[in-house]
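Colleague: I've got a new model open and I'd like to learn how to read it properly. Can you walk me through it, feature by feature?

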Amino acid sequence: MTEGDLRSRVRRHLEFIYPDVPLDHLVGDVLDTIGLTGTEVVAAGGPRWDQHEVAVITYADSITEAGRVPMQTMHELLDDLTGDVVSVVHVLPFYPASSDGGFAITDHRAVDPRLGSWDDIVDLSETYTVMADLVVNHVSAGHPWMSQFCNGEEPGSRYLLTAEPEDDLSSVVRPRTTPLLREVETSDGPRLLWCTFSYDQIDLDFAEPEVLLDLLRTVAHLVGAGVRWFRLDAIAYLWKEFGTSCVNLPQTHEFVKLLRTLLDARCGDSVIITETNVPHDQNVAYWGDGDEAHLVYNFSLPPLVAHTMLSGSSAAMQQWLGQLEAPPAGTSFFNFIASHDGIGLRPVEGLLSEAEISRLIAAAHSAGGTHSEFDTPAGPKAYELNVSLWDLFAGDGDPLGVAQFLAAHTVMLSLAGVPALYVHALLGTPSYWTPISEPPRIVREHGLPPIEQNKRTINRRKVTLDEAVDLLGAQDGIRRRTLVELVHRMLIRRAQPAFHPDSPQVSLDLGSQALGVVRGSAEWGQTVVSVTNVGHAHLTVDLEVLSALCPQGSAGTQFAEIGCVDLLSGVLLGPSERVDLAAGQTMWLCLEAERREAALAHRSSA
């Protein structure tokens, strides 16, 4: 792509977003700000991922030790815990912030000195692909723009989003039940500020092009520090228009396309990941036609996996898998089952019944967690479960629960997409209610109930290195053994071309007690059939029946004729054999010849 082609594309994006703004200078300002003026345009790179890709999600200070910079402890601990199996590290917001686990940012181009420095981010990028957050929707009430707004000073006086009492906000959809507007005193009298998430998170007005340029300065700074994967936090709420839902508006999608065009040109190995905790069809719309996000968070997966394991039935998940459409070329899912946030329930609207969602909520409460709600024109609705994944499945160390915890991760590793694991799931950290000694000022002023501050911190615990070691050794080391087995499975996965994020995926109907998925094909050089017993009792699988269900032309159809090997156990299975699976057990089945070829190819590439 020439610089002229790039300018034309950027202009088309900006014409859509800002139809009433003169663009002659804005196009040049955008290119200059992102670092594309007077430099050679980089062609979009080749494949951005393969089966070796595994991400870990962590705060810089999820685990700390005395006398060490948290980012350095995190870097060393990841090396020790996971060895070579992790390739991407998502460091959750490491900027100075006032609340919401770092998502109320006071300075987007600084590192909180309590966590580390930009040098630590650069060092991490030399070992791993670093993924960082672009918190585009809002800034902290402690950001300099807030005081500028109140004093009528530039640029903050133009950057924050306001509303008037007569504005039509009746259709607004947002993930909270707190009031949308916050009244503040300014030099011009009382004003109403828009707060999608909390009174400590003030929404930005992206109708002002200077707000876009400031964001691009942050992007350029992150690229310079070695960041290559960019998580667009809460991107669905970026653009607002009165009288609409103010979520997933066309300008928001065009904004993502603009950022994709700019980053493809700035660094060809960049990846954009959209974080949109909304119903599935709205979520995958952020792939566009392959010209928007590279990856979208697979938000339907966590609640579906939880429902499948806890209910012992794969029916809902098999139906969902059977209906999934293949992503556009060059795009995929970002698969996860646990993160710093809760387990979203909006993404299973229409996939699970109200009764099934109610049972998930009850399970979270029974495991010592809770749930949160969001506001709709019809009133509050359940938004997410707030509970640690270990507690949800295996809190008491029950063997079935531990097997389900491991099976849930193995199912995720089996599916098309890039898998991501949360550091507290790796450690088996229990739910934790943060004690509040001094609530944030904004909470004190507006009387928000303490419980509302804590619902997400339940899964954001900060532990010392000694506490982490003790945790892994607790209950006769069940967490440590689970972690070792999980790492072992990730090592096996990375050697199988069938598990490339882009390889074909076909679901198998093996009955409600089993979850079956075929990955790969002859074109990919390997077929792997993943079968998990999601039930709570033993399950017998007949290879002849399994073979008959596999897609014609795939190696799975040969299992009944020549047998296969279970990659996880190494056991060879003879033709037409009947296999007994314990509750929570997974088999990754493939032909022995394909297994050998994949292993040779893996050793050669390594």
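Modeller: Start with the surface: the protein exposes about 22700 Å² of accessible area, and 50% of that belongs to carbon and sulfur atoms. Keep in mind that this is a predicted model.

Colleague: Okay, and how many of the 606 residues count as buried, as a percentage?

Modeller: Of the 606, 60% count as buried.

Colleague: How do I judge the overall build?

Modeller: Set the radius of gyration against the globule rule. Here the radius is 24 Å and the rule gives 25 Å for 606 residues, so the protein is as compact as a globular protein of that length. Along the principal axes, the C-alpha atoms fill a box of roughly 80 × 55 × 50 Å. The secondary structure adds up to 21 helices and 26 strands.

Colleague: What share of the contacts with a separation of 6 or more comes from residues 24 or more positions apart?

Modeller: That share is 71%. Ala 55 gives you a concrete case: its C-alpha sits 4.3 Å from that of Ala 420, although the two are 365 residues apart in sequence.

Colleague: Where is Ala 55 placed, and is it buried or exposed?

Modeller: Ala 55 belongs to strand β1, residues 55–58, and it counts as buried, with 0% relative accessibility. Leaving out residues up to four places away in sequence, Ala 55 touches Val 88, Phe 334, Pro 419, Ala 420 and Leu 421.

Colleague: And the opposite situation, where sequence separation is smaller but the distance isn't?

Modeller: Try Lys 462 and Leu 413: they are 49 residues apart along the chain, and their C-alpha atoms are separated by 26 Å. Lys 462 lies in the loop between α17 (450–454) and β18 (463–464) and is partly exposed at 40% relative accessibility. With the same sequence neighbours left out, Lys 462 touches Tyr 59, Asp 61, Ser 62 and Glu 467.

Colleague: How should I think about the nonpolar core?

Modeller: In soluble globular proteins, nonpolar side chains tend to be buried together. In this model the largest nonpolar core has 174 residues, and those with the most contacts inside it are Leu 14, Phe 94, Met 317 and Phe 334. Helix α18, residues 465–494, supplies the largest share of this core, nine residues. Apart from it lies another core of 19 residues, among them Val 518, Leu 543, Met 587 and Leu 589.

Colleague: Which residues does Met 317 touch, not counting those up to four places away in sequence?

Modeller: Met 317 touches Leu 301, Leu 304, Val 305, Thr 308, Val 411, Leu 415 and Leu 515.

Colleague: Now the backbone. Which peptide bond is worth a look for being cis?

Modeller: The one from Glu 154 to Pro 155, with omega near -5°. Pro 155 is in the loop between α5 (144–151) and α6 (156–159).

Colleague: Which residues other than glycine have a positive phi?

Modeller: Cys 246 is one of them, with phi near 60°, and Gln 475 is another, at about 50°. Cys 246 is placed in the loop between β10 (227–233) and α8 (250–266), whereas Gln 475 is found in helix α18. Cys 246 is buried, at 2% relative accessible area; Gln 475 is partly exposed, at 37%.

Colleague: Last one: how far apart are the mean positions of the positive and negative charges?

Modeller: There are 41 positive and 80 negative charges, and their mean positions are 2 Å apart.

Methods
Residues are numbered from 1 along each chain as its sequence is written. This is a predicted model: local features need pLDDT of at least 70, side-chain atom pairs count only at pLDDT 80 or more; totals for chains, interfaces and linings use all residues. Side-chain values use heavy atoms; hydrogens and water are left out. A nonpolar core is a set of buried Ala, Val, Leu, Ile, Met, Phe, Trp, Tyr and Cys residues joined through side-chain atoms within 4.5 Å. Buried means under 20% relative accessible area, exposed over 50%, partly exposed in between (1.4 Å probe, protein chains only). Helices (H or I, at least four residues) and strands (E, at least two) are DSSP runs, numbered from the N terminus. Contact means heavy atoms within 4.5 Å. The radius of gyration is taken over C-alpha atoms; the globule rule is 2.2 Å times the number of residues to the power 0.38. Accessible areas come from the Shrake-Rupley method with a 1.4 Å probe; for residues, only the protein chains shown count as cover. Lys and Arg count as positive and Asp and Glu as negative; His and the chain ends are not counted. The place of a charge is taken as NZ of Lys, CZ of Arg, CG of Asp or CD of Glu.
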